[in-house]
Amino acid sequence: FRSGPDQDFATVDMAADQDRLYKRRIVLHNRRPGVGRILTVLWDAMQGWVAVTLIGIFSGLIAGAIDISVDWVSDLKDGVCLERPFFAKELCCRHQFETACDQWKSWPELLSVSGAVLSRGVGFLCYAGIAVGLASLSAWLVTTFSGYAAGSGIPEIKTILGGVHILRFLGAWTLITKASGLVLSVGSGLSLGKEGPYVHVASCVG
């Protein structure tokens, strides 16, 4: 049936889209010769490349932010940087390779736990507790704000490329929830990859 902006899982009329594209190009090429026509035709030919370039830039920036955040969240299970709490351990101790890093403190050290056995036990409880909390927060974000952010998103992307319109699957809330949930779930230590979700993230950006 015919597609519409308010119809979920509606099929896209490919023939109608191609017809509109053909008519638009005819109108462009039938314009009065001049600088305006040249610039309009040139922009019509370039806008696809411009869009792909911008999508690549913004997707790369988001992916970089996700990677940095994952490193910080993952190290947060072991301890924290005193002067810069939002720095991962490697970044916190980047100037202290040969000596002990006095800026990074483990949770047993912050809690002033004495004794090797007790220190290991407290460290394990903090590690496990923070990991469970991060994974639970990721699940809560997805179930509360955008269920479409669950999973890799690749099967749905293939469905959209096949001509099916899925409302809100590529929306802003899905992008925010996907990026935040990805940071929390991967940082918690779950056996997940970032490559598949990056496809969904880039599609949301586009």
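In this predicted model, Lys 194 forms a salt bridge with Asp 67, and the closest N and O atoms of the pair are 2.6 Å apart. Because Lys 194 lies in the loop between helix 7 and helix 8 (195-205) while Asp 67 belongs to helix 2, the pair ties together parts that are 127 residues apart in sequence. Asp 67 itself counts as partly exposed, at 30% relative accessibility.

By the rule applied here, the count comes to three salt bridges, and they are set out below with the separation of their closest N and O atoms.

| Basic residue | Acidic residue | Closest N and O atoms |
|---|---|---|
| Lys 194 | Asp 67 | 2.6 Å |
| Lys 23 | Asp 19 | 3.2 Å |
| Arg 84 | Glu 83 | 3.7 Å |

Lys 23 and Asp 19 both lie in helix 1 (residues 14-29), where four residues, or about one turn of the helix, separate them. Lys 23 is partly exposed at 49% relative accessibility, and Asp 19 is likewise partly exposed, with a relative accessible area of 36%. As for the pair of Arg 84 and Glu 83, Arg 84 counts as partly exposed at 40% relative accessibility, whereas Glu 83 is exposed, its relative accessible area being 56%.

Helix 2, which holds Asp 67, also packs against helix 7. The axes of helix 2 and helix 7 come within 8 Å and cross at roughly 35°, and the crossing of these helices is right-handed. On the side of helix 2 the contact is made by Ile 62, Ile 66, Ser 69, Val 70, Val 73 and Ser 74, and on the side of helix 7 by Leu 175, Ala 179, Leu 182, Val 183, Val 186 and Gly 187. Sorted by character, the residues of this contact divide into nine nonpolar, three polar and no charged.

The largest nonpolar core of the model has 10 residues, namely Ile 66, Val 70, Val 73, Leu 134, Leu 141, Ala 179, Leu 182, Val 183, Leu 184 and Val 186. The elements that give two or more residues to this core are helix 2 (35-76), helix 5 (116-145) and helix 7 (172-188), and helix 7 gives the most, with five residues. Val 73 belongs to this core and also takes part in the contact of helix 2 with helix 7. When residues up to four places away in sequence are not counted, Val 73 touches Leu 134, Val 183 and Gly 187.

Note on methods. Residues are numbered from 1 along each chain as its sequence is written. This is a predicted model: local features need pLDDT of at least 70, side-chain atom pairs count only at pLDDT 80 or more; totals for chains, interfaces and linings use all residues. Side-chain values use heavy atoms; hydrogens and water are left out. A nonpolar core is a set of buried Ala, Val, Leu, Ile, Met, Phe, Trp, Tyr and Cys residues joined through side-chain atoms within 4.5 Å. Buried means under 20% relative accessible area, exposed over 50%, partly exposed in between (1.4 Å probe, protein chains only). Contact means heavy atoms within 4.5 Å. Axes are lines fitted to C-alpha atoms, for helices over the stretch in contact, and angles run from 0 to 180 degrees between N-to-C directions. A crossing is left-handed if the near helix is turned anticlockwise from the far one by less than a right angle, and right-handed if clockwise. Ala, Val, Leu, Ile, Met, Phe, Trp, Tyr, Cys and Pro count as nonpolar, Asp, Glu, Lys and Arg as charged, and the others, Gly among them, as polar. A salt bridge is a side-chain nitrogen of Lys or Arg within 4 Å of a carboxyl oxygen of Asp or Glu.
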